[in-house]
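Visitor: Hello! Could you walk me through this structure, one question at a time?
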Amino acid sequence: MTQNQELALHHRIQTKLLASLNLRSEESDRTWLMLAFYTLTSIGLRWAEDSTVAMFIDQYGSRWLPWIYIASAMLGMLLVFLYSRLQKLFSLRWVIAFLAPCMLLPLVLLCLSLEYSSLAVISIFLLRLWVDGFYILNDLNTSIAANQLFNIREIKRAYPIVSSGIIIADIFGGFSLPLLLSIFGLKNIILVSVISILLGASILLYLSQKYRSYFPESARKTKTTVPISTRHLSTPIKRYSRLLFAFFALLQIIWVLVDFQYLTQLEQSFSNIQIASFLGIFGGITGLCELLMQLFVSSRFIEKFGVFFAIASLPVTVAVFLPITLIVTDIFPITQNFHFFWGLVFVKFLDELLRYTLVIGSSPLLFQPIPERIRNYVQTLSGGIAESFGAGFAGLIIVVSLLLVSQFNLSVNLENWLLVGISIGIAIACLALLWILRSHYVNLLVLSAGQGQLGDGDFDVRLLKQAVVKALKENSSELDKRSYVELLTKIDPVGAGEILAPLVVNLPVDLQKFCLEAILAGETNASYLPQIRSLLKVSYQETSPEIFALALRYVWLAETNPDLNQLEQFLQPQQHSLIRATAASLLLRQGTPKQKVDATKCLQVMLRSIQERDRINAVKALNSSIYLQTLRLEIPDLLQDESLRVRCAVLEMIAATRLEDYYPALFAGLNYRSTRLTAMECLVKLDSEVLPTLINVATNLYKPEVVRKYAWRAISQIPGTETIDILWDNLETSRGVNRDYILHSLLKRHQKEGISNFENKSYESKVEKLVEEELRFLGEVYSAYVDLKQQEHQYTQYLGEKSYELIKTNQSKQEVSEICQILQQSLLILEADVRERLLLLLKLVYPLEKMQAASFNLRSTSPANLARGLEILEHTVTFECKPVLLNILDKREPSKKLREVVEAKIVEYQQMEIRHRTRKLLTFDKELSDWSLACCFHFAQAAHIRLNISEILTSLRHPTVFVREAAICYLNTASPRILLELLPQLEDDPHPVIASQVRELLKTHKQYSHN
């Protein structure tokens, strides 16, 4: 076997091993080092714990255990407090690395003091305390180190493997303890454990040096100033931290209660040496089961069912299996006399099995929503101190229970059932707290992503009007006053005039214009005439023509019997063009026949004026005209006006006066960038009158993409439930980028009308089908990418060896390879587009703020942010295809994503030859992006792949120019005869690039035919 073959074999074995462990290559080194550290440290602690427990029970008995729990809690809280202070004084990297050596020194001294009989009694008590404290700090240290080394998604896969170190320690330490007892004796086991702990500490020191970039270099300082975003998060974090504290305290209470009852039964059944041996063998058997579960079940269970379901398994077991086990063991004669012993051994087994697999593997995830700068601090308090507090509180519970038993002379059986009942009650409380914790977990993830949004509030219109009046009368800035007026016109457009009319005279000029427009937008009211007429008493040179014209329009529209003769003076040429046009439009609307003739002549002169301002003002004045009469003849010339502003004004006039004959001009305006936005706004004003035509334009695949995009936007802005139904119906039948346009339009409509996504449950099944449809298409994209990547080299070699006599344009192997790589890159870009489309679909049925937070983080280049976005989706999305969806949205190799889609039976994958795969890819022409479609044709041309004539002809009519160009290039190579027949039809292509290409090809073919 060659060296390359050996490397390939090693790589395949490593890949399969990592896949079986649900681990990824980029996180494997960190995982194995953490596992080695935690295993060696836990082995030493296991030996120390079992030996000290045996010595303590022999010296004091199980009745003293509650006092150990209370004293251990006090010591644990003190040690955790000191550990937290050390993080403020030293770099976290050094605190983590040198914790174990510092904790070992008192352990060694206490062990040596056992040789002195005067110190032995107190030393045994202190040893038991110190080992418990060491356990608390070691678990906390490991959890904090893991949170630094892994992000929220990596830790789901890696930490269950890391935490299996304690399981391996149970197996090795448990089975080896009887042998070590026979060799070294009970008192010397602790010195043996020191060696194992030091080896583990050295590995952690190496790991902290190798991955030093994952740890903050400076000590954590208390900041005096808090940013606004932090203040925004502080209340949810405090609430979440308190819940975490209570939860971990309850978990520890459960452990202490079960452990006390378990050790009490051991004391009643065995001697001290037998207790140590039983603990070792029991730990070994339990550890073996834990290891099997950890390697093959735990990480997959957490990833599939989530962190909260995994953690809930422990309190559920205690609440359900503890009473059932005791009742069942009491039924069978073989276990009847020792039913509490065997029942508690079984429950202790389940407690250890779940605690050191699912619970320990999941618990660091609970701290991930907390911002990184304070995460370690919160983890120290909510993790370490909470466990110590829980142990102390459990000790008090046991002491009180024992006092009650002695006070009322209860039997041993009743004493046991009392503690069992307390354990069940604590487990139920733990489950209830976990349910509350889950909602806070997701909310904090969203807030920490910085994408939470405030929803629209309910406004008290009366109070709002009072605030507007106060703001307009005060000496506040013009910007603030404008904001109040905008808000008022949005909330109460009809009643805005009642507030604004009395105040408009005393406002600044710019704000006067804005207020007059707002008043005119509502209904005219004669009661406001005195205030508005006062604006006409001032010359327009002193104010502005715009204000004078607006006031003129309002006065003559609001009066019941207006004196139209006064308007004739404003038709004189010396008047400003805007005032002339306004007066003319009013006379056309209300004047006598003679006045209408004069007004028409005035407007005709203005429409034909060489001054752009005159033409614009004249066209704008026609917006309010009812009958245009002979002025309609001017519209065709105005639509071709050299001024963009004139053309846009004409489009607005067509919509305002509803000139059906000129509606095609509005649709034509969508084709040009300069008039596109104006044309769309005009079409929206026409409401359902143009809806059928808009749908035809939006669904016409041969229309330019940008035209279809703005057509969908226009449809979405037309009010009424009919348009929402149209959007949903077309969403299901559309494909590719057309679906993107509909999604954007639909989401904007929902936001505008305040439609909650929770109200869209009727659409949830539709969206789920669309998501599965997109996943199937992605499966085809991944299949094409994998086949192209794997066969690229072989196919180019094949092309180099094969002779193509019929095809004169030959490509070099290098060129074919480069085009193939470009096609692969276009597929990756296409995949990114589809991923964005999936997020848009999710926004339709799930809370928008959560989806926006997830989208924001998923677009980030930071692995930590990406993991946070995936975590938000995991706790929000409820589709059956959620596991596949999360893998698709993760940053992984296309081949791995393809495997996930295939395993979920969304698509079937069979490797195809490149030519077959390219043909199949082109069958998804509606789903493919324009660039991917063009790349397919270029690759087919270079690789000499024959395509179906129907696909080629369809692409020759494609709205995107470079797709048509690619199809022509392919046809020129693959079938020049057919292209020659089609060239005369292609000469009329509107795009100059295609027209030039066709002319060159015609010229070339003519020269070839002459020769």
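Visitor: How many helices and how many strands are there in the protein chain?
Guide: Good place to start, and keep in mind that this is a predicted model. Both kinds of element are counted along the protein chain, and the tally is 44 helices and zero strands.

Visitor: What average pLDDT does the protein chain have?
Guide: The score varies along the chain: 87% of the residues score at least 70, while over residues 450-460 the pLDDT is below 50. Residues 803-810 also stay under 50. For the protein chain, the average pLDDT is 81.

Visitor: Is Trp47 buried or exposed?
Guide: Trp47 sits in helix H2 and forms an aromatic pair with Phe172 in helix H7, 125 residues apart. Residues under 20% relative accessible area count as buried. Trp47 has 8% relative accessibility, so Trp47 is buried.

Visitor: Why do the rings of Phe389 and Phe393 count as a stacked pair?
Guide: Both residues lie in helix H14, four residues apart, about one turn of the helix. Residues three or four places apart in an α-helix point the same way, because there are 3.6 residues a turn. Planes under 30 degrees apart count as stacked. The ring centres of Phe389 and Phe393 are 6.2 Å apart, and the pair is stacked because the planes are at 15 degrees.

Visitor: Which residue lies over the face of Tyr710?
Guide: Here the partner of the ring is a charge, which must be within 6 Å of the ring centre. The distance to the centre of the Tyr710 ring is 4.8 Å, and the residue is Arg713.

Note on methods:
Residues are numbered from 1 along each chain as its sequence is written. This is a predicted model: local features need pLDDT of at least 70, side-chain atom pairs count only at pLDDT 80 or more; totals for chains, interfaces and linings use all residues. Side-chain values use heavy atoms; hydrogens and water are left out. pLDDT is the predictor's confidence in each residue, from 0 to 100. Contact means heavy atoms within 4.5 Å. Helices (H or I, at least four residues) and strands (E, at least two) are DSSP runs, numbered from the N terminus. Buried means under 20% relative accessible area, exposed over 50%, partly exposed in between (1.4 Å probe, protein chains only). Rings of Phe, Tyr and Trp (its six-membered ring) pair if their centres lie within 6.5 Å; planes under 30 degrees apart count as stacked, over 60 as edge-to-face and the rest as tilted. A charge sits over a ring if NZ of Lys or CZ of Arg is within 6 Å of the ring centre and within 35 degrees of the ring normal.
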